[in-house]
Amino acid sequence: MHEPIVTEFATTDPEQARALIAEAYRDNRLQVRGTVENYRFEHNRCDLGDVHFDFLHNTLTTEVAVQPLGRVVLLRVLGGVLEIDDGIGHRRLGPGDVFAGPHPGHDYRTGMHGARLQVTGIDLALFTGIDPAQDGGTVGRLRYEPVSRAKAQRWRQTVEYVTGMFSDPDAENGPLVLGAAGRLMAAVALDTFTAGTTGPRPGDRRDAVPDTVRRGIAFLEANPDLDLGVADIAHACRVSVRALQLAFRRHLDTTPMAYLRRVRLDRIRAELRDAEPCGGATVTCIAAKWGFLDGSRFSAQYRAIYGESPGQTLRKC
């Protein structure tokens, strides 16, 4: 482990994107579908040595064939669609899915369709001394389907906690702190992504409707910061869009998107209440952060639910 090295990269040139992927991951063959003039690739990394945290955004449909990564790569889909074929199976992942990426020892192909990804890479050596099944045991016990919502939320919180530790350029990051951070990531990864972490994938059955609602609520409560549509929510619940809408209407008398809007309004209210007096927070900025760009419409919705304007909530700080 070493001091954080932060890099940011953006390009509209597919060849530069291919070179970046080759440097950050492995040699690859990259192809872009669509008008190349509309292509944009972004890659930000916080590199700690044995662990790295990446944000990756790809605007068009891009297909990449990559050599074995030789490390455990764990992903959270923030937007768009990601497809992976690594010889284990073909997987199609959408917003909110948290899962182990391609097998560390296999060549693989991936398709990114306007995908935004949070990627965590962990060196295999870091599992030594943590995993009792060493010498490849970790890799053999990895499960590649999306983990449960509870485990996904804990993984997200762990990533946010560790990256937050290194976001301050003036913070002291000595070897003890770095070592502890690496061991924490490896331990949580083992608990989250190895055998027994995934549940059944129930179909679109009438008798599973209440479970559909519970999965939908858990997904929306855990991921209100994602750019979600009703199809993304249905994908997370593993049912059709129609089944999801019927379930929410029957049991909650609302729609999935209306429920998501209420979750985001609750987050806004909490931020307004927690704002420091004279700290520079504004209603407009906080609302925009959660996707409310129409100020008058947002204020009307807020007042209808909470009985006061968002400005009044902020001034109560």
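The exercises below, each with a worked solution, deal with the helices and a few loop residues of a predicted model.

In this predicted model, local features need pLDDT of at least 70 and side-chain atom pairs count only at pLDDT 80 or more, while totals for chains, interfaces and linings use all residues. Residues are numbered from 1 along each chain as its sequence is written, and side-chain values use heavy atoms, with hydrogens and water left out.

**Exercise 1.** Work out what span should be expected for helix H4 (residues 175-193), and compare that with the distance between its end C-alpha atoms.

*Solution.* Helices are DSSP runs of H or I with at least four residues, numbered from the N terminus. The expected span is 1.5 Å times one less than the number of residues. For the 19 residues of H4 this gives 27 Å, and because the end C-alpha atoms are 27 Å apart, the two values agree.

**Exercise 2.** Describe how helix H3 (residues 149-165) and H4 pack, and state which classes of residue make the contact.

*Solution.* Start with the geometry: the axes, which are lines fitted to C-alpha atoms over the stretch in contact, with angles running from 0 to 180 degrees between N-to-C directions, lie 11 Å apart at an angle of about 170 degrees. H3 is therefore roughly antiparallel to H4, a term used for angles over 145 degrees. Next come the residues in contact (heavy atoms within 4.5 Å), including Trp-155, Val-159 and Val-162 of H3 and Ala-181, Met-185 and Val-188 of H4. Finally, sorted by class, the contact has 12 nonpolar, two polar and three charged residues; here Ala, Val, Leu, Ile, Met, Phe, Trp, Tyr, Cys and Pro count as nonpolar, Asp, Glu, Lys and Arg as charged, and the others, Gly among them, as polar.

**Exercise 3.** Place Leu-252 in its helix, and say which residues it touches beyond its neighbours within four places in sequence.

*Solution.* Leu-252 belongs to helix H7 (residues 241-252). At 33% relative accessibility it counts as partly exposed, the class between buried (under 20%) and exposed (over 50%), found with a 1.4 Å probe on protein chains only. Leaving those neighbours aside, Leu-252 is in contact with Val-213, Ile-217, Ala-247 and Tyr-259. Val-213 is 39 residues away along the chain, yet the two C-alpha atoms are separated by 8.4 Å.

**Exercise 4.** Is Asp-253 buried or exposed, and where is it found?

*Solution.* Asp-253 lies in the loop between H7 and helix H8 (256-274), and its relative accessible area of 60% makes it exposed. Although Asp-253 is not a glycine, it has a positive phi of about 55 degrees.

Notes
Helices (H or I, at least four residues) and strands (E, at least two) are DSSP runs, numbered from the N terminus. Angles under 35 degrees count as roughly parallel, over 145 as roughly antiparallel, 65 to 115 as roughly perpendicular and the rest as oblique.
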